[in-house]
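Student: I am new to this structure and would like a close look at a single part of it. Please take the surroundings of one ligand as the starting point and then connect them to the rest.

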Amino acid sequence: CRNLVLVLGDQLNIDSAAFDGFDCEKDSVWMAEVAEESTHVWTHKARIVMFLAAMRHFRDALRKKHIEVHYRQLDDRGKRGSLAAELEATIKKLKPQQLILVEPGEWRVRESLINEADKLNVALELRTDRHFLSTTEDFAQHAQGRKQLRLEYYYRELRRKHDILMDGRDPVGGKWNYDPDNRGSFGRSGPGEIPDTKRYSLDATTREVMKLVSRKFPKHPGKLEHFDWPVTAKQARQALDDFVAHRLPEFGQYQDAMWSDEPFLYHSRLSTALNLKLIDPREVIDEAVIAYRTGKAPLNSAEGFIRQILGWREYVRGIYWLYMPGYLECNELEAMQPLPAFYWTGETEMHCLSQAIGQTLDYGYAHHIQRLMITGLFALLLGVDPQKVNQWYLAMYVDAVEWVELPNSLGMSQFADGGVMASKPYVATGKYIQRMSNYCSSCRFDPSQSTGEDACPFTTLYWDFLARHKKRLQGNNRMSMQLRNLDRKQPDELKAIQEQVVELRASITPEDVTL
Ligand code: FAD
Ligand code: SF4
């Protein structure tokens, strides 16, 4: 074999740079399912199925194009357990002249494959990942000389560079940002009828993977009975069309809202297809622009959605590669608490947490505000070790790939990077959750109480968090109003809150780290 093209589980794109110059007569493809990728964090069953089912469909699509694929299945005999070990065996057998690999999405995987090639003395050509609209070098250049990085500036740069929603040099509609229009809640009347999401029937390949995962990983968290994610490029395109036609128009206004037993609301559910590269972000952005230009979606929705993909998605990738590997170790707030056991079961009296975690177990999905302002916020206020928080998010979401998961969990939600991702810790009392959802109306706690039997744990922990970190946060202008409110608390009241926190901590069972 001349070139052996390595295709990882999140690189399922036939148009990627990996296939540039591919010659079916001389070159072949290597793909491997390995247990390590499902066990290095205690991975949700649906996440394992998502990756394996999409990989097998991609393998079959390549073979249809007469591309030779050396594919190792999880249940093949003589499995070696890790990507590096599998690759070593294939290299020894095929003796390729060169390995070709598109930049992986995870530092750990990148290092292990580079080391393996080095060890076996085979040339490895690393190619740029064209899936993204900007490169890691573009981001590093943008970051150079800046005291502080902010999404807004990078996003505007990319809007101009790619001429997306632009009127010459200015943004269409005259404003870059429609955030104030995009913080709506459903009020008392609720969301009414939410358009159903596109459903997929499970084919034999996906069903076989589901059986395999149930057999091999029976104790892993999460359920499979609701598994309903696009696993091919064709299905990903259908998911996009369905979203643009039925949910994009309301996406903007309700992107931060939450409602009991409504896991998807007006969100796109496209992150998994995007992260596995089943769909190109340009295609997604183009459809949102067309929907706006043809009057099918208002500007605040189209812009709000494009901001997530052209803005946040590119930005967090830039942060990840700029700060890795040190980023993984950040712990600015010196948080050391264990993760509560209920993060793996959803069994808690706090209704918001039981909803967000419950739907995560059911679907491997929660939308951004549930991740940031329910599960993330509680861990931040409690002071959970950010490593544990990171591992939980990496394990539990079908769309979790480290380059996007880590800056979001460790940076945006836990402030462990000391302000690289977010200009301040995203902290709030239970009243924020009450405003944005109907969770509190079915909860035994009261979000306006910080002490006593009915006190909402979020509210109690919020004041304790501010008091514990007051010194560190004092220099941050964006925290001044919250700290002023803290200063208004009487010493007795604060003492009672802190006593309640001691009781609250004692009542929470930590996760079983032996699992
Ligand atoms: P929509 O709300 O429809 O948004 C559209 C798209 O924008 C998403 O598909 C996604 O590709 C992109 N996007 C939105 N927000 C972000 C963001 N903050 N960063 C990067 N891209 C974004 N996203 C992941 O893809 N994988 C993760 O592992 C992941 N972990 C997260 C962990 C935490 C603690 C938080 C706060 C956020 C995390 N996110 C992650 C970002 C975001 O929550 C998900 O992308 C989104 O909920 C996916 O659902 P959706 O496709 O319906 O998104
Ligand atoms: Fe969550 Fe507190 Fe509201 Fe209960 S009262 S749902 S714990 S925010």
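Tutor: Four helices each supply at least two residues of the shell around ligand 1: H10 (271-275), H12 (299-323), H14 (368-382) and H16 (402-413). The model is a predicted one. There are 28 residues around ligand 1, and those that come nearest are His267, Ser268, Ser271, Gln308 and Glu405. By class, this shell has twelve nonpolar, eleven polar and five charged residues. The shell around ligand 1 also draws on two domains, with at least three residues from domain 2 (136-195 + 247-323) and at least three from domain 3 (341-507).

Those two domains belong to an assignment that also gives domain 1, covering residues 3-127. Domain 2 is written there as two segments, 136-195 and 247-323, and domain 3 as 341-507.

After H12 comes a loop that leads to H13, and proline 325 lies in this loop. The peptide bond from methionine 324 to proline 325 is cis, with omega near 5°. Most peptide bonds are trans.

H13 (351-363) leads on to the other ligand. Together with H17 (430-436) and H18 (457-473), H13 belongs to the helices that each supply at least two residues of the shell around ligand 2. The largest share, three residues, comes from H17. Of the 14 residues around ligand 2, the nearest are Cys352, Gly430, Cys440, Cys443 and Cys456. By class, the shell around ligand 2 has eleven nonpolar and three polar residues, and no charged ones. For comparison, the shell around ligand 1 has five charged residues.

H18 also packs against another helix. Its axis comes within 9 Å of the axis of H20 (residues 491-507), and the two cross at roughly 115°. The crossing of H18 and H20 is left-handed. On the H18 side the contact is made by Pro457, Thr460, Leu461, Trp463, Asp464 and Ala467, and on the H20 side by Leu494, Ile497, Gln498, Gln500, Val501 and Leu504. By class, the contact of H18 with H20 has eight nonpolar, three polar and one charged residues.

Domain 1 remains. The centres of domain 1 and domain 2, taken over C-alpha atoms, are separated by 31 Å. Seven residues of domain 1 are in contact with five residues of domain 2. On the domain 1 side, the residues that touch domain 2 divide into three nonpolar, three polar and one charged.

There is also an open sheet of five strands, in the order E3-E2-E1-E4-E5, with parallel pairing. Strand E3 (69-72) and strand E5 (123-127) are its edge strands, and each pairs on one side only. Neighbouring strands of the sheet are turned by 25° against each other on average, direction ignored. At one end of the order, strand E4 (residues 98-102) pairs with E5 in the parallel sense over five bridges. Leucine 99 has leucine 124 of E5 as its bridge partner. Helix H3 (residues 83-94) lies across strand E1 (3-6), strand E2 (28-32) and E3, and runs at about 150° to E2.

The loop between helix H2 (45-64) and E3 contains histidine 66. Phi of histidine 66 is near 65°, a positive value in a residue other than glycine. Most residues other than glycine have a negative phi.

Technical notes: Residues numbered from 1 in each chain as written. Chains lettered and ligands numbered in written order. Predicted model: local features only at pLDDT ≥ 70, side-chain atom pairs only at ≥ 80, totals over all residues. Pairing = 2+ DSSP bridges. Axes fitted to C-alpha atoms, helices over the stretch in contact; angles between N-to-C directions. Contact = placed C-beta atoms within 7 Å. Domains from an automatic or database assignment. Nonpolar A, V, L, I, M, F, W, Y, C, P; charged D, E, K, R; others polar. Near = placed C-beta within 6 Å. Left-handed = near helix turned anticlockwise from the far one by under 90°.
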